Amino acid sequence: AASGQRAVTSGGSAYAASSPPPAGSKPRGALAPNGFITTTTDARSTFALDVDTGSYALTRATLGLDQVPSPDTVRPEEFVNAFDGGYARPSARGFAISVDGAPTPFVQDGDHRLVRIGLATRAIPPRDSKAAVLTWVVDVSGSMDEPGKLPLVKETLGLLLDELRPDDRVAIVVYGDAAREVLASTPVKEASRIRSAIDALQPEGSTNVEAGLRLGYEVARRNRVAGAINRVVLASDGVANVGATDPEAILRSLSEDAGKGITLVTAGYGMGEYRDDMMERLADAGDGFYTYVDTKAEAERVFVRNLTSTLDAQALDAKAQVEWNPDAVERYRLVGYENRAVADESLRDDSVDGGEVGAGHTVTALYEVRLVPGSSADLGTVRVHWVDTETSKPTDLDAPVARSSLAPTFVTAAPRFQLAAVAGAFADVLRASPFASKVTLAAVADESARVARLLGDDADVRELASLAAKARDISARP
């Protein structure tokens, strides 16, 4: 069975201790959280890797408006993956696997553990990255005529331009009622010409996402360079009201282009009518990833600090499988990844869509497990399968989930394990998961503040603590 099995069981649930969910957080079409699965029923859990972070950034923007996010926009894996896992990295292409775990402060069950599966790729200095051939598809419809939308898109493009190399190339397609190419593929050494095209972008008309992406991929195909990074980057609020408006109708054509080596990054902007589901699903279908840009600082994080991770894919169709040992683990639950489930037998089937992972990315999966009392056996095995973007060859790697990797207490576990546990708990509370039904936002805020002190030089972790405190305060209002 795939990890998307959502059998919901009670008892031994992670995050066992909570106030009612925040006001206004009733799910609206959200996927049900993965439930506990007994290892005697199905010992294998398989999912596509995912480096999206949009859900976390969108939550930050929502809390900034003194509102709690809608549960259907909260995906725990995107909260956890918003932070570097602190994992050892491989010396060559491919992945390194890290495993650790511990009890958590949110569960009163002596046999319960949270296990962190961490994957990391090798970081590549920008000077060593492949040439980039980018096609920006920019939503210039009337709905983008707000300060946090088109003006921030233009600022993002300017920041990116400063980081690209002279021989990298940029093309720009815009869409409103229809789509048109406003800048043919241009080398970055002609930066003034590119900046003029960016400065001229103005809002217009309705929103035809389908036309914009179709033309964007046409331009990308026309300018594709073998061996280079060929990316389409969609900048939009996800609203679609002309042409195909259902993500599924738009998605069908994207998979074919992704198979030709053209991948998609979706960058979301704005609030209000914002369509998180559209942006996330388009990125998944385009063998890329989804990010949400709410501030100049986030634009700098994605397109400046982490530029090679954003652009230079190292692995395509990447999937992971954890096979739990029934002699050691009674039951398990994958936290998040509900829409990335893969059938167990499809781990090595490269016709089944997986995830894309860039240079320098880390990917984390959290599992709640209940151990078999008295057992001393190792917990299981992690397997990873991907297609190397340089050789186009399928590659496999595995590692044990050793009992010796588990810390005896939460506070003696690695600080970044503690960070992942708190980020996952925060998301589970915000999405009103039944497995967080006894966790309070106050407890999450307290733990995140403590972890922030452990990692005091990390501004991103301090921000998490601030967001958890804000969510606690908003939910406590009458």
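## Core, sheet and salt bridges in a predicted model

In this predicted model, Y367 is in contact with S45, F47, R113, L114, V115, I117, V322, W324, Y332, R333 and L334, leaving aside residues up to four places away in sequence. Y367 also belongs to the largest nonpolar core, which has 69 residues. Together with L49, V115, W136, V138 and W324, Y367 is one of the residues that touch the most other members of this core. Helix α3, residues 150-163, contributes the most to the core, namely seven residues. Another core lies apart from this one and has 43 residues, including F83, A423, L441 and L467.

The next topic is the sheet. Five strands make up an open sheet with antiparallel pairing, in the order β1-β12-β14-β4-β3. Strands β1 (37-38) and β3 (95-102) are at the edges and have a single partner strand each, so one side of each has no neighbour in the sheet. Further in, β4 (residues 112-121) and β14 (residues 362-371) run antiparallel and are joined by nine bridges. Across this pair, G118 is opposite T364 in β14. Helix α10, residues 415-430, lies across β3, β4, β12 (329-335) and β14, and runs at about 110° to β4.

How many salt bridges does the count come to? The count is 42. Three of them are listed below.

| Acidic residue | Basic residue | Closest N and O atoms |
|---|---|---|
| D109 | R370 | 3.2 Å |
| D162 | R195 | 2.4 Å |
| E368 | R333 | 2.6 Å |

Where do the partners D109 and R370 lie? D109 is in the loop between β3 and β4, while R370 is in strand β14, so their salt bridge ties together parts that are 261 residues apart in sequence. R370 has a relative accessible area of 18%, and it counts as buried because that value is under 20%.

The pair D162 and R195 links helix α3 to helix α4 (residues 191-199), distant parts of the chain, with the two positions 33 residues apart in sequence. Is R195 buried or partly exposed? R195 is partly exposed, because its relative accessibility is 32%, and this class covers values between the 20% and 50% limits.

R333 is in strand β12 and E368 in strand β14, so this pair ties together parts 35 residues apart in sequence. Both R333 and E368 are buried. Elsewhere, R60, D294, E298, R301 and E463 are joined into one network by salt bridges that share partners.

How values were computed:
Residues are numbered from 1 along each chain as its sequence is written. This is a predicted model: local features need pLDDT of at least 70, side-chain atom pairs count only at pLDDT 80 or more; totals for chains, interfaces and linings use all residues. Side-chain values use heavy atoms; hydrogens and water are left out. A nonpolar core is a set of buried Ala, Val, Leu, Ile, Met, Phe, Trp, Tyr and Cys residues joined through side-chain atoms within 4.5 Å. Buried means under 20% relative accessible area, exposed over 50%, partly exposed in between (1.4 Å probe, protein chains only). Helices (H or I, at least four residues) and strands (E, at least two) are DSSP runs, numbered from the N terminus. Contact means heavy atoms within 4.5 Å. Two strands pair if DSSP finds at least two bridges between them. Axes are lines fitted to C-alpha atoms, for helices over the stretch in contact, and angles run from 0 to 180 degrees between N-to-C directions. A salt bridge is a side-chain nitrogen of Lys or Arg within 4 Å of a carboxyl oxygen of Asp or Glu.
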